[in-house]
Amino acid sequence: MKIYATYNIKGGVGKTTAAVNLAYLSAADGQRTLLWDLDPQGAASFLFRIKPRVKGGGEALIRGKKPLDGAIKGTDFDDLDLIPSDFTYRHMDLLLDGANGKPAGRPVGKPAGKPAGRPTRRLAELLEPFAADYDAVFLDCPPGISLVSENVMHAADVLLVPVIPATLSVRTLNQLTDFVAGFNGDRPDVRAFFSMVDRRKKLHQDTVKDLLADRSVVTEAAIPSLAMIERMSVERTPVTAFAPRSQAARAYRALWSELQAEDI
């Protein structure tokens with residue numbers, strides 16, 4: 001089982017659209033695939049037409065009150081399952097921190113309980129039993145650097161980082177790669193890819209050219225800025241499914257093929 005995490009410190013860079021399309025392509029290739037929507041906004045759940053709610057909320061999953069496999073929902077696509085988001089995931093850091101895990105609304109003084117194992121390894125522990133059931137797992141992650149992101153880095157084999165070709169996004173990539181380099185634990189492989197690329201902009205052209213020449217972690221495949229990708233929120237399905245011959249779908253397919261060819 002290989003675990004991919006779409007992650008960036010910044011929000012609004014194309015993490016969810018990448019997770020949704022790559023998970024779909026993985027399943028279309030015949031791999032048993034699971035997508036876990038870890039973002040409390042629940043965009044990936046919405047795009048797969050699944051209600052962003054987990055019985056008992058994030059607390060039930062993290063504290064082991066509800067088995068993770070009990071939260072799995074089937075999608076409209078063969079070999080592709082989803083663990084939906086829940087708005088209580090906004091408290092995920094507190095839940096993972098066993099000593100301070102008190103979701104909003106818990107009465108003062110009421111015991112919170114502790115998750116099993118180390119707080120930075122909890123997501124990895126929850127996913128380990130699925131090794132026999134799935135070939136690929138995708139984690140759609142919220143932005144920021146937090147206990148959740150540390151858990152993601154312990155759990156993931158590959159960190160997929162969408163980067164808009166602009167100065168601040170490149171700066172964020174530098175921060176992230178420095179953070180991973182100093183990470184205490186098994187470090188995931190980092191693969192950055194350009195997202196929301198507008199080839200009409202000279203800044204985008206120059207940034208793509210310079211970063212490809214300078215960074216081996218950046219993929220050749222890039223995701224363009226296209227209205228067809230935005231249309232996913234209307235169709236509520238991956239663009240690789242509803243418009244498989246479109247430029248957008250070809251870009252995601254090229255990215256997935258590059259990742260598979262590297263066998264990282």
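# A tour from Met196 to Gly11

Start by selecting Met196. Its relative accessibility is 34%, so Met196 counts as partly exposed. The scale runs from buried (under 20% relative accessible area) through partly exposed to exposed (over 50%), using a 1.4 Å probe and protein chains only.

Before moving on, know what is on screen. This is a predicted model, in which local features need pLDDT of at least 70 and side-chain atom pairs count only at pLDDT 80 or more, while totals for chains, interfaces and linings use all residues. Residues are numbered from 1 along each chain as its sequence is written, and side-chain values use heavy atoms, leaving out hydrogens and water.

**Stop 1: two positive phi values**

Stay on Met196. It sits in strand E7, residues 189-197. Helices (H or I, at least four residues) and strands (E, at least two) are DSSP runs, numbered from the N terminus. Now check the backbone. The phi of Met196 is positive, near 55 degrees, and the residue is not a glycine. Most residues other than glycine have a negative phi.

Jump to Arg236. This residue is not a glycine either, yet its phi is positive, about 55 degrees. Arg236 lies in the loop between helix H10 (232-235) and helix H11 (239-242). Its relative accessibility is 26%, so Arg236 is partly exposed.

**Stop 2: helix H1**

Select residues 15-28, which form helix H1. Is the helix enclosed or open? Of its 14 residues, 12 are buried, so H1 is largely enclosed by the rest of the structure. The buried set includes Lys15, Thr16, Val20, Asn21, Tyr24 and Ser26.

Check the length of H1 too. The end C-alpha atoms are 20 Å apart, which agrees with the 20 Å that 14 residues should span at 1.5 Å a residue. The expected span is 1.5 Å times one less than the number of residues.

Step past the end of the helix. Gly30 follows H1 and has a positive phi, near 95 degrees.

**Stop 3: H1 against H12**

Add residues 247-262, helix H12. The axes of H1 and H12 come within 10 Å and cross at roughly 65 degrees. Axes here are lines fitted to C-alpha atoms, for helices over the stretch in contact, and angles run from 0 to 180 degrees between N-to-C directions. H1 and H12 are therefore roughly perpendicular to each other. Angles under 35 degrees count as roughly parallel, over 145 as roughly antiparallel, 65 to 115 as roughly perpendicular and the rest as oblique.

Show the side chains. From H1, Thr17, Ala18, Asn21, Leu22, Leu25 and Ser26 meet Tyr252, Arg253, Leu255, Trp256 and Leu259 of H12. Contact means heavy atoms within 4.5 Å. By class, this contact has seven nonpolar, three polar and one charged residues. Ala, Val, Leu, Ile, Met, Phe, Trp, Tyr, Cys and Pro count as nonpolar, Asp, Glu, Lys and Arg as charged, and the others, Gly among them, as polar.

Look at H12 alone. Its 16 residues reach 23 Å from the first C-alpha to the last, close to the 22 Å expected at 1.5 Å a residue. Among its buried residues are Ala248, Ala249, Ala251 and Glu258.

**Stop 4: Ala23 and Leu35**

Return to H1 and pick Ala23. Ala23 is buried, with a relative accessible area of 0%. Which residues does Ala23 touch, not counting those up to four places away in sequence? They are Thr33, Leu35, Leu80 and Phe138.

Follow that contact to Leu35, in strand E2 (residues 33-37). Leu35 also counts as buried, at 0% relative accessibility. Leaving aside neighbours within four places in sequence, its contacts include Ala19, Val20, Ala44, Phe48, Asp81 and Ile83. Now draw a distance to Leu139. Leu35 and Leu139 are 104 residues apart in sequence and 5.9 Å apart in space, C-alpha to C-alpha.

**Stop 5: two loops**

Select Arg215. It is in the loop between helix H8 (202-214) and strand E8 (218-224). Beyond residues up to four places away in sequence, Arg215 touches Leu173 and Asn174. Its C-alpha is 9.2 Å from that of Ala192, 23 residues away along the chain.

End at Gly11, in the loop between strand E1 (2-6) and H1. Gly11 is partly exposed, with a relative accessible area of 42%. Where does Gly144 lie relative to Gly11? Their C-alpha atoms are separated by 7.9 Å, with the two positions 133 residues apart along the chain.
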